[in-house]
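Me: I'd like to learn how to read a two-chain model without fooling myself. Could you walk me through this one?

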Amino acid sequence: MQQIKSVNDFVIRFANTNGTGSASANNLFAKTIFRMGIPVSPKNVFPSNIQGLPTWYEVRVNDKGYVGRRGGIDIMVAVNPQSIAQDIKVVDPGGYFVFDNTKPLDLRLHRDDINTLGIPLTDISRREYTDPRQRQLFKNVIYIGALSALLDIEFDVLKGLVHDQFKGKEKLIAPNIHALELGFQYAQENFDCPLGIRVERRDMVDDHILMEGNAALGLGAIYGGASVAAWYPITPSTSVVEQFEKYAKRLRIDPGSGKCNYAIVQAEDELSAIGMVVGASWNGARSFTATSGPGVSLMNEFLGLAYFAEVPTVLFDIQRAGPSTGMPTRSQQSDLLLAAYASHGDTKQVLMFPSTPKECFEMGAASFDLADRLQTPVIVMSDLDLGMNEHFSEPLDWDDSVTYDRGKVFSEQELEEMAERYGRYLDIDGDGICYRTYPGTHPTKGSFFTRGSSRDEYAKYTESSEEYVINMKRLLVKWETAKEYVPKPVIRPASKATKDGMIYFGTTTASAEEALDILSDKGVAIDALRVRGFPFNSGVEEFIAQHDRVFIVEQNRDGQLRTMLINECEINPQKLKPLLCYDGLPVTARWIVDAVLSSDGNNKNTGKVIPLSKEVKV
Amino acid sequence: MTYHRPEFRHPELPTNELGYTRKHYEGAISTLCAGCGHDSISAAIIQACFELSIEPHNVAKISGIGCSSKTPTYFLGNSHGFNSVHGRMPSVATGANLANRDLTYIGVSGDGDSASIGMGQFAHVVRRNLNMLYLVENNGCYGLTKGQDSATSDIGSAGKKGTPNPFEPIDLCTLALELGATFVARSFSGDKDQLIPLIKAAISHSGFALIDVISPCVTFNNTATSTKSYEFVRDHIDATGKTDFIPVQQEIMADYEPGFTQEVTLHDGSVIHLYKKDEDLDLHNRLSALQAIHKCKEKGEILTGLLYLDPDCEDLHEIVGTVEKPLRDLDEAALCPGSKSLDAINQSLR
């Protein structure tokens with residue numbers, strides 16, 4: 001039988017039961033390979049459930065540094081009888097199926113084209129442990145030990161990691177290592193180790209880190225100077241504020257008093273959370289909230305207020321699969337239109353699109369400067385894949401000479417020296433951004449009334465059509481200014497001249513870049529551009545103009561970025577070919593390659609509509 | 001607007017401790033209906049702030065949407081104000097207060113804004129004991145949309161539309177007591193002698209202070225069949241007693257009969273005196289306040305005055321443990337941990 005053979009280049013998937021402690025064992029596997037100098041990318045595919053439902057954990061190992069999802073599965077570790085029937089089906093021909101053979105495999109599931117390796121995990125742990133919880137936990141550690149032998153993973157590195165992970169809980173080290181040894185031994189005694197797939201130490205990691213995007217965003221908010229965080233728990237954004245709090249407890253305690261240089265409030269809902277952010281920002285503190293699509297829906301009214309009243313507001317949207325409750329534990333990039341035009345009336349919101357934890361950190365911190373400069377909401381668009389999975393990332397970096405840019409704010413002294421009347425909405429500099437004052441600045445000058453209703457340049461309530469239009473037009477001037485304030489796109493030229501282009505953003509990046517290399521090897525040259533901000537920087541329009549055909553790769557059904565490009569840049573829709581992957585799992589490089597090769601990219605509207613005589617009579 | 005308030009003031013207007021006259025505390029001219037109870041409340045806020053000698057710019061006025069929420073434009077013109085969205089004033093006030101604990105926060109809301117669309121936020125701001133005056137201008141109807149019943153309208157009460165309200169009313173005072181409010185009072189816009197000391201006491205209280213002020217709507221709910229009309233309220237009002245507010249270090253001048261007064265010292269050292277009508281009412285006892293309200297209600301009366309006060313409470317800042325300095329004044333040195341800490345974090349992620 002054919003056997004997949006590779007060194008440092010494979011995809012392994014673990015099929016577990018939710019709530020059995022498998023994620024930490026699987027993480028041990030990924031991190032050990034990372035410590036052997038090989039880039040890895042673990043992805044947790046989990047259910048909306050605390051205990052009992054099937055859950056998967058996929059690790060891509062690749063010493064060329066491709067860390068997006070590749071597609072296909074070379075090794076399956078099947079520990080969950082609930083999902084074993086589907087798990088065995090998805091293994092690539094020639095791949096390996098490692099399973100718990102305490103119960104023999106149903107003969108109907110047997111496949112001739114894959115290598116099947118049975119390990120009696122339940123038997124071993126039943127023999128070794130008496131406590132039911134231990135039996136469950138160590139079963140996971142036993143298969144990691146077996147994989148160490150099967151894939152030639154350095155056992156010492158594995159042991160070292162166990163020591164690091166249980167620092168402070170030393171009692172747990174010895175039993176964990178014992179469990180690893182049990183698995184290792186069993187594999188050595190029963191199989192030809194290593195398999196055709198194996199790992200070998202490399203030096204490809206440099207100073208990279210493994211970090212979740214949500215932790216990086218929370219830390220970015222710390223470094224960006226946020227002092228007020230208000231939030232409402234919602235998957236997959238919850239860990240943003242939890243991580244902010246974790247770091248704040250370490251880094252933001254006033255040494256003199258032991259008190260907090262920050263405040264965190266768990267609000268009663270998302271409306272209240274964003275209201276607190278607007279209130280705190282209005283009053284001069286840097287403030288943020290984190291949520292996901294359903295939360296952004298609820299926050300719409302306040303986002304419109306903050307746009308119109310011009311209050312800096314920072315929001316992190318960790319997108320998940322909608323609509324409605326959708327698939328709350330699956331990833332998607334489907335909140336773009338919701339966020340870009342959040343709220344009723346003519347509104348446009350500033351967005352940023354990070355693609356790595358390093359960018360989450362940088363954009364998380366920069367969002368506060370940007371919001372203060374532009375005096376408007378800034379929404380950082382992450383997603384579940386980026387937020388909740390550990391990503392192979394360049395290390396975080398901070399320049400100590402950086403000072404915060406609080407934007408146009410008049411100080412007490414500036415007000416004191418001012419001869420003319422202060423006008424909150426006077427466009428003194430012609431960039432559409434006016435000067436604000438914080439409450440309590442000056443006894444007699446600079447106070448104004450903030451409102452969501454129309455007002456004149458001196459913030460006085462008015463229903464004058466003329467004043468209203470002047471204000472709405474000025475907001476468009478500000479929008480033009482914003483185009484050059486948001487992060488510029490990153491261009492990745494093909495190795496030879498081409499009239500084909502590709503645009504992508506966020507977590508599509510790693511898979512798209514791998515796909516572009518694969519296509520290049522096949523002789524298909526495509527220039528690429530990664531969008532990092534909205535409104536679109538002038539570079540985006542130029543890139544599209546330079547190409548005859550541009551693929552837009554997105555993880556949503558309706559081609560939302562494409563719609564925004566057509567809408568904002570007045571581009572002929574025929575030119576923009578949507579490549580849309582929206583099954584809730586991170587898009588793979590193979591999927592993008594196939595989509596580019598198999599069609600002219602128009603995979604929209606494939607469903608046939610059978611007309612019925614049920615149209616509305618009007 | 002074609003009319004304006006004359007700028008001229010008597011040259012010898014009385015000044016407060018800071019040297020300000022009452023004029024420094026006034027705002028723009030009201031655009032509410034002539035005779036609206038809300039304007040009397042604005043006047044009471046102006047008087048209270050003047051008498052308390054608060055720096056006008058150190059007050060932040062926050063409101064939601066509705067007739068009541070328009071009023072912050074009509075008082076304290078030298079203060080920043082924020083007319084936010086319907087029913088969400090509490091969240092904006094919470095954020096603002098967290099940003100700068102040194103300002104005085106006055107939130108103005110209405111019965112629609114607090115008891116209907118904003119019921120959730122009202123309940124939670126009470127629970128958090130945010131240090132603010134939360135003043136409800138309660139007229140039992142929706143004025144700006146022309147007189148629909150609100151959730152505080154009594155059963156059977158009928159405004160200008162003429163249809164009696166069939167639903168149970170929400171009493172914001174009893175609700176706030178249940179939710180742990182640390183200062184609860186009810187008043188009437190037509191009784192400034194009661195309202196002004198209550199506002200002064202509420203502002204001086206370091207915690208959440210609710211004053212539910214019955215404030216008749218002259219246009220839509222001042223009918224003979226309404227229980228929120230001037231006439232009905234005047235005829236059915238009862239009071240817990242007479243409240244005096246004595247600022248810090250001021251000698252208590254009034255004589256009072258022992259046994260019928262209760263004296264509460266606030267955090268800043270000022271003192272509240274209640275000359276009680278009802279000997280059984282204990283300002284420190286929630287149950288006693290709830291009983292007093294219900295007893296009056298059974299008699300068809302409206303109990304006003306100070307109902308409950310806990311001067312030793314912890315406000316939100318104390319609960320979450322923030323530094324004394326306003327968070328908005330913290331600089332990079334306090335906020336940004338710097339590259340060295342980041343190097344250590346990077347190392348922990350390898």
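**Confidence first**

Reply: Let's begin with a weak spot: over residues 601-607 of chain A the pLDDT stays under 50, and for this stretch the model has 11 contacts beyond four places in sequence. This is a predicted model, so that sort of check belongs up front.

Me: How should I treat a stretch like that?

Reply: Where pLDDT is low, don't read the predicted coordinates in detail. Chain A has a mean pLDDT of 95, with 97% of its residues at 70 or more. For chain B the mean is 92, and 95% of the residues reach 70 or more. Chain B has its own weak stretch, residues 251-256, where pLDDT is below 50 and the model has five contacts beyond near neighbours in sequence.

Me: What ipTM and pTM does the predictor give the complex?

Reply: Both come out at 0.95.

Me: On to sheets. What's the general idea?

Reply: Strands of a sheet pair through backbone hydrogen bonds, and they do it either parallel or antiparallel. Here, nine strands make an open sheet with mixed pairing, in the order β17(A)-β2(B)-β1(B)-β3(B)-β4(B)-β8(B)-β7(B)-β13(B)-β9(B). At the edges sit β17 (449-451) of chain A and β9 (237-239) of chain B, each paired on one side only. From one strand to the next, the twist averages 20°.

Me: Which strand of chain B does β17(A) join, and by how many bridges?

Reply: β17(A) runs parallel to β2 (residues 80-83) of chain B, and three bridges join them. Look for F449(A), whose bridge partner in β2(B) is G81(B). Further along the sheet, β7 (residues 183-188) and β8 (residues 208-214) of chain B are also parallel, with six bridges between them. A185(B) is opposite I211(B) in β8(B).

Me: And helices? How do I read one of those?

Reply: An α-helix has 3.6 residues a turn, so residues three or four places apart point the same way. Take α7 (residues 192-204) of chain B: its 13 residues reach 18 Å from first C-alpha to last, close to the 18 Å expected at 1.5 Å a residue. α7(B) lies across β3, β4, β7, β8, β9 and β13 of chain B, at about 160° to β7(B).

Me: Why is α7(B) largely enclosed by the rest of the structure?

Reply: Because 11 of its 13 residues are buried. Among them are L195(B), I199(B) and K200(B). Chain A has a helix to set beside it: α7 (residues 213-223) of chain A is largely enclosed too, since 11 of its 11 residues are buried. Just after α7(A), G225(A) takes a positive phi of about 90°.

Me: What about the interface as a whole?

Reply: Interface size is often given as the accessible area lost when the parts come together, but here we can count residues. In this model, 56 residues of chain A are in contact with 47 of chain B. On the chain A side, α9(A) gives the most, with nine residues. By class, that side has 32 nonpolar, 17 polar and seven charged residues.

Me: One last pick: is G407(A) buried or partly exposed?

Reply: Partly exposed, because 17 other C-beta atoms lie within 10 Å, and the cut-off for buried is 20 or more. G407(A) sits in the loop between β16 (390-393) and α14 (412-416) of chain A. Leaving aside neighbours within four places in sequence, its contacts are D372(A), R373(A) and Q375(A).

Definitions and conventions:
Residues are numbered from 1 along each chain as its sequence is written. Chains are lettered from A and ligands numbered from 1 in the order in which they are written. This is a predicted model: local features need pLDDT of at least 70, side-chain atom pairs count only at pLDDT 80 or more; totals for chains, interfaces and linings use all residues. pLDDT is the predictor's confidence in each residue, from 0 to 100. Two residues are in contact if their C-beta atoms, placed from the backbone, lie within 7 Å. Helices (H or I, at least four residues) and strands (E, at least two) are DSSP runs, numbered from the N terminus. The expected span of a helix is 1.5 Å times one less than its number of residues. A residue is buried if 20 or more other C-beta atoms lie within 10 Å of its own, exposed if 12 or fewer, and partly exposed in between; C-beta atoms are placed from the backbone. Two strands pair if DSSP finds at least two bridges between them. Axes are lines fitted to C-alpha atoms, for helices over the stretch in contact, and angles run from 0 to 180 degrees between N-to-C directions. Ala, Val, Leu, Ile, Met, Phe, Trp, Tyr, Cys and Pro count as nonpolar, Asp, Glu, Lys and Arg as charged, and the others, Gly among them, as polar.
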